[in-house]
Amino acid sequence: MKTYKKTIKYISYAMVIGFISACSIDEVVDPNRPSLGGVQIDANVGQLNELVVGVESSLRNGLGIETTASGTMARELYLFDADPRNTGDLLGKNGIALDNNSFYSTAQWNGNYRCIKNTNILIDAATNTEAITEEERQGYIGVAKTFAAYELIQIVKSYNVARIDVADEDNLGPVVSAEEALTAAKTMLDEAFTALNGSSFAFRLSEGFDGFNTPATFQDFNRAVAAMAAVYSGSGTEALDALTNSYFELNGTLTAGPKHIFSLSPGDQANPVFRAPDLNGDQIIVHNSWIEDAEDGDTRVTTKTAPRLDAQGQDDLNGTNETRLYASQLSSIDILRNEELILLYAEASILASNFDDAATALSIIRNSAGLIDYVGALTPDALTTELLKQRRYSLWSENARLYDVRRYNLENSLPIDRQGDLVFTELPIPLSENN
């Protein structure tokens with residue numbers, strides 16, 4: 001695991017300079033390149049809080065490639081830029097296989113695991129210090145475990161496997177199945193929820209967590225992630241229970257929920273999925289099938305995308321529309337918003353045979369997009385078909401479609417744009433992980 005060790009053995013404080021203004025920072029050990037030993041034993045509150053900033057910042061690692069790689073493979077979009085692998089490898093051009101040593105296989109994996117490693121460091125540091133109260137200690141641990149579980153779920157979505165035990169980079173645990181990884185994520189989330197009970201926060205999360213920045217409200221986020229893990233594990237009843245303790249609101253604001261935030265400050269990063277309108281080169285172009293398959297009047301087509309002044313083509317691929325998902329480089333990206341929770345509620349209701357509830361939830365999503373209520377059959381197959389359609393349009397370009405295609409065995413439903421192209425539903429784990 002040479003690449004993994006190289007990227008996470010030291011905490012990268014530089015990457016969070018622009019994220020850190022809300023924190024009160026005490027003196028740190030070797031701020032240019034602090035060793036793990038400098039914070040894992042007898043850390044002070046300032047060092048612990050700096051670790052929290054680093055953990056939250058690293059949640060964003062790999063988001064851009066995660067979105068465009070999975071979106072391309074799922075035939076949601078094309079990334080037209082200077083790298084031919086974006087229109088070649090990811091679409092299996094001329095039968096080519098995915099490369100386990102290219103950016104699309106390594107960037108998200110390394111980014112997710114850097115965040116998980118940072119959560120492990122935070123847990124160790126909070127455990128091995130007397131500078132905080134027990135309530136504060138549990139606050140650090142509860143947040144760290146929640147974020148680690150969230151990242152583990154993202155890995156499962158993209159790679160269909162995960163490595164759970166990475167606390168010791170010199171003695172890593174095995175790569176395990178998606179099912180085992182989701183079970184581990186659920187256990188981690190339950191442990192975090194328990195830790196957050198009666199805890200206190202000696203730190204501040206960014207404004208992206210406004211409304212979710214106390215132990216009680218962060219528990220709402222924890223249960224939302226737990227509901228997602230339960231649905232992906234096929235447990236509708238478990239997911240419904242978790243949703244009742246989250247910020248899920250059937251008739252609530254769809255955009256409610258924590259967000260990744262961005263800035264142009266030195267050491268920070270801009271929104272990696274934003275693209276300026278009507279430029280040539282490095283553009284996210286909408287797959288024509290997404291436009292063509294939409295119901296008439298679906299406002300998600302006109303709010304998430306827009307026709308280009310000139311149709312764009314590259315590598316024998318073309319599209320008329322481009323992304324308008326984000327307005328600027330500073331636009332936030334939802335981590336888990338109420339709209340997705342409503343869709344998870346619909347899916348959980350189908351799994352639990354609560355078909356009327358599922359139809360109600362799907363109608364709410366349809367109405368929000370300017371469409372009439374769901375009028376189809378109240379059967380698992382019909383409701384699931386409708387659910388996947390609504391997820392396809394509500395969660396376009398958000399690393400959801402490829403996972404849905406894989407878990408519902410819909411590979412044959414994806415269009416083939418060029419003769420000889422292939423369909424892939426998961427990324428290969430990086431070559432360095434096999435060493």
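This briefing covers the overall build of the chain, its aromatic pairs, and a set of individual residues and their surroundings. The structure is a predicted model. Its chain holds 15 helices and eight strands, and 57% of the 435 residues count as buried. The radius of gyration is 21 Å, which agrees with the value near 22 Å for a compact globule of 435 residues.

**Overall build**

- Along the principal axes, the C-alpha atoms of the chain occupy a box of roughly 60 × 50 × 40 Å.
- Taking contacts between residues at least 6 apart in sequence, 73% join residues at least 24 apart.
- The exposed area of the chain is about 16800 Å², and 49% of that area comes from carbon and sulfur atoms.
- The chain carries 33 positive and 60 negative charges. The mean positions of these two sets are 4 Å apart.

**Aromatic residues**

- The whole structure contains 18 aromatic pairs.
- One of these is Tyr-232 with Tyr-403: the ring centres are 4.7 Å apart and the planes stand at 80 degrees, so the pair is edge-to-face. The cut-off behind this label is an angle over 60 degrees between planes.
- Tyr-232 belongs to helix α8 (residues 215–232) and Tyr-403 to helix α15 (residues 401–407), so the pair ties together parts 171 residues apart in sequence.
- Both partners count as buried: Tyr-232 has a relative accessibility of 9%, and Tyr-403 has 6%. The limit for buried is under 20%.
- One aromatic cluster is formed by Tyr-140, Phe-147, Phe-201, Phe-203, Phe-209, Phe-218 and Phe-221.

**Helix α4 and the residue after it**

- Helix α4 spans residues 63–73 and is mostly covered, with ten of its eleven residues buried.
- The buried residues of α4 include Glu-66, Thr-67, Thr-68, Ser-70, Thr-72 and Met-73. Leu-63, Gly-64, Ala-69 and Gly-71 are also among them.
- Two of these buried residues appear again below: Glu-66 is in contact with Gln-154, and Met-73 is in contact with Leu-98.
- Just after α4, Arg-75 has a positive phi of about 60 degrees.

**The loop between β1 and α5**

- Leu-98 sits in the loop between β1 (77–80) and α5 (103–127). Its relative accessibility is 17%, so Leu-98 counts as buried.
- Neighbours within four places in sequence aside, Leu-98 is in contact with Met-73, Asp-89, Leu-90, Tyr-104, Phe-424, Glu-426 and Pro-428.
- Arg-85 lies 13 residues from Leu-98 along the chain, and the C-alpha atoms of these two residues are separated by 9.4 Å.
- Asn-94 is placed in the loop between β1 and α5. Asn-94 counts as exposed, at 64% relative accessibility.
- The phi of Asn-94 is near 55 degrees, a positive value in a residue other than glycine.

**Gln-154 in helix α6**

- Helix α6 covers residues 134–159 and contains Gln-154.
- Gln-154 has a relative accessible area of 5% and is buried.
- With neighbours within four places in sequence left aside, Gln-154 is in contact with Glu-66, Gln-108, Asn-112, Met-228 and Asn-399.

**Helix α13 and the loop before it**

- Ser-353 is found in the loop between α12 (338–351) and α13. With a relative accessible area of 49%, Ser-353 is partly exposed; a residue counts as exposed over 50%.
- Ser-353 is a residue other than glycine with a positive phi, near 65 degrees.
- Ser-363 lies in helix α13 (residues 355–368). At 9% relative accessibility, Ser-363 counts as buried.
- Setting aside neighbours within four places in sequence, Ser-363 is in contact with Asp-373 and Tyr-374.

Definitions and conventions:
Residues are numbered from 1 along each chain as its sequence is written. This is a predicted model: local features need pLDDT of at least 70, side-chain atom pairs count only at pLDDT 80 or more; totals for chains, interfaces and linings use all residues. Side-chain values use heavy atoms; hydrogens and water are left out. Helices (H or I, at least four residues) and strands (E, at least two) are DSSP runs, numbered from the N terminus. The radius of gyration is taken over C-alpha atoms; the globule rule is 2.2 Å times the number of residues to the power 0.38. Buried means under 20% relative accessible area, exposed over 50%, partly exposed in between (1.4 Å probe, protein chains only). Contact means heavy atoms within 4.5 Å. Accessible areas come from the Shrake-Rupley method with a 1.4 Å probe; for residues, only the protein chains shown count as cover. Lys and Arg count as positive and Asp and Glu as negative; His and the chain ends are not counted. The place of a charge is taken as NZ of Lys, CZ of Arg, CG of Asp or CD of Glu. Rings of Phe, Tyr and Trp (its six-membered ring) pair if their centres lie within 6.5 Å; planes under 30 degrees apart count as stacked, over 60 as edge-to-face and the rest as tilted.
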